[in-house]
Amino acid sequence: MKKNINSYITSLALFTALFAVCINGYGQDNKQEFSISLGGPFSYVDSNSAGKTTPGNGVSAGLRYSYYLNDNLSLGVGVEYQTYNSDLSFNYLYGAYAATDAENENFQFRYRATNPREEQKLAYINVPINIQFETPGTSKLYVAAGAKIGFASSGSYQTTFQNLTTSGYYPQYNVELFSPAFAGFASTNNLVTGKQDLNTEVSYSATFETGLKQELGNRNSIYIGVYFDYGLNNIYDKSGDNAHLVQYNPEQPVQLGYNTIFDTPLSSNVRLVSYGLKLRFAIR
C-alpha cells in the first residue's frame with residue numbers, strides 16, 4: 001500500500017493545481033461548475049468466494065470540477081474520499097498442511113474453524129472522470145457516466161471464530177494431538193484476532209449516476225441522485241503461493257498467525273463496489 005501513497009498524493013496535487021487555475025478564471029467563464037458531494041451508504045469489497053459476502057456501510061465525500069461544452073453537456077473531473085466495509089463468512093472451514101514443530105519433528109498441522117468471519121475495512125482516494133448530460137429548464141434530469149481510478153490510503157482486516165480447534169497429526173507415531181496449548185494445539189471458543197493491515201492495489205472502476213438537478217437562483221444548484229460504481233480489476237495480489245487461513249508458528253507455537261481470506265484459495269478476483277444516494281451542491 002505504501003507504494004500507492006506517492007501516486008495519490010501526486011493526483012491530489014494535480015487536481016489542486018487544476019482547481020486553482022479554474023478558480024482564477026471563474027469570474028470570466030460561466031461554463032464552469034464546482035460542486036461538493038456526499039454519497040452512500042452501500043460500499044464494500046466483493047470477491048469470487050464460496051463464502052457469504054455481507055455488504056457494509058461506507059461513505060464518500062468529494063469535490064468536482066465540470067466544464068460545459070454546451071448548455072446540456074459537460075465534462076467533469078474530481079477527487080473523493082471513499083470508505084468500504086464488508087464481512088466475508090463461512091459456516092465451516094478445514095485445513096491441513098505439513099509443518100515442523102519446535103523440536104524439529106515433522107507433522108501435519110490441522111485446523112477446524114466454525115463460523116469464521118472476516119471483517120474488511122478499506123479507504124481509497126478516488127479520481128473520477130465523467131461526462132454528464134442534463135435536460136433544459138430549472139428542474140433538470142441528469143445522467144453522468146465515466147470511470148475512476150482509486151489509490152488505497154488504508155486497509156485492515158479482523159477475523160472472528162465461533163470455535164477454532166487446532167491439532168497436530170504425527171504420522172510417524174500415528175497419533176493426533178489436540179493439546180497442549182503451548183504447542184499450538186487447542187480448542188478456543190469466541191476467538192477474536194487482532195486487526196491486521198490489508199494491503200490492496202490501485203482500483204479502476206466504471207461509474208454511473210442519475211437523478212434530478214434543481215437550480216437555486218442563477219448560480220447555485222443541488223443534485224439529488226443515485227449512483228453505482230463497479231470495480232473493473234482485481235485489487236489484491238496474493239504475492240506468490242496461496243497462504244493458509246490459520247498459520248502455524250514453530251518459533252512461538254502458542255501464537256498462531258491468521259492470514260486474510262484473500263490470501264487463501266478461498267477467494268479470488270477482489271474488487272470494489274459502491275452504490276446508493278448522492279447529494280451534490282454546485283456553484284456555476
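**A tour along strand β8**

Select V127 first: its bridge partner in β8 is I149. The model is a predicted one, in which local features need pLDDT of at least 70 and side-chain atom pairs count only at pLDDT 80 or more, while totals for chains, interfaces and linings use all residues. Residues are numbered from 1 along each chain as its sequence is written, and side-chain values use heavy atoms, with hydrogens and water left out.

Strands here are DSSP runs of E with at least two residues, numbered from the N terminus; two of them pair if DSSP finds at least two bridges between them.

**Partners of β8**

Display β7 (residues 117–134) together with β8 (residues 139–170). The two run antiparallel and are joined by 18 bridges. Their hairpin has 4 residues between the strands, and G137 there takes a positive phi near 110°.

Move next to V143, whose bridge partner is T210 in β12; β12 (residues 203–216) is antiparallel to β8 and shares 12 bridges with it. At Y157, look across to Q196 in β11. Strand β11 (residues 196–197) pairs with β8 in the antiparallel sense over 2 bridges.

F161 faces L191 of β10, a strand (residues 187–192) held to β8 by 5 antiparallel bridges. Further on, select R110, which stands opposite S167 in β8; 7 bridges join β6 (residues 106–114) and β8, again antiparallel.

Finish this strand at Y170, opposite V175 in β9. β9 (residues 175–177) runs antiparallel to β8, with 3 bridges. In the hairpin between them, with 4 residues separating the strands, N174 has a positive phi near 50°.

**Aromatic rings**

Now show the side chains of Phe, Tyr and Trp, whose rings (the six-membered one for Trp) pair if their centres lie within 6.5 Å; planes under 30 degrees apart count as stacked, over 60 as edge-to-face and the rest as tilted. The count comes to 14 aromatic pairs. Y142 and Y223 are edge-to-face because their planes stand at 85°, with centres 5.0 Å apart. This pair links β8 to β13 (residues 220–231) across 81 residues. Y223 is buried (under 20% relative accessible area, 1.4 Å probe, protein chains only), at 0%.

Return to F161, which forms a tilted pair with Y258, 5.9 Å centre to centre and 45° between the planes. Y258 lies in β15 (residues 257–258), 97 residues from F161, and both residues are buried.

For a wider selection, take Y97, F107, F109, Y170, Y173, F185 and Y248, a cluster linked by ring pairs.

**Charges over rings**

A charge sits over a ring if NZ of Lys or CZ of Arg is within 6 Å of the ring centre and within 35 degrees of the ring normal. Select R280, whose charged end sits over the ring of Y223, 3.8 Å from its centre. The charged end of K278 likewise sits over the ring of Y227, 4.6 Å from its centre.

Methods
Buried means under 20% relative accessible area, exposed over 50%, partly exposed in between (1.4 Å probe, protein chains only).
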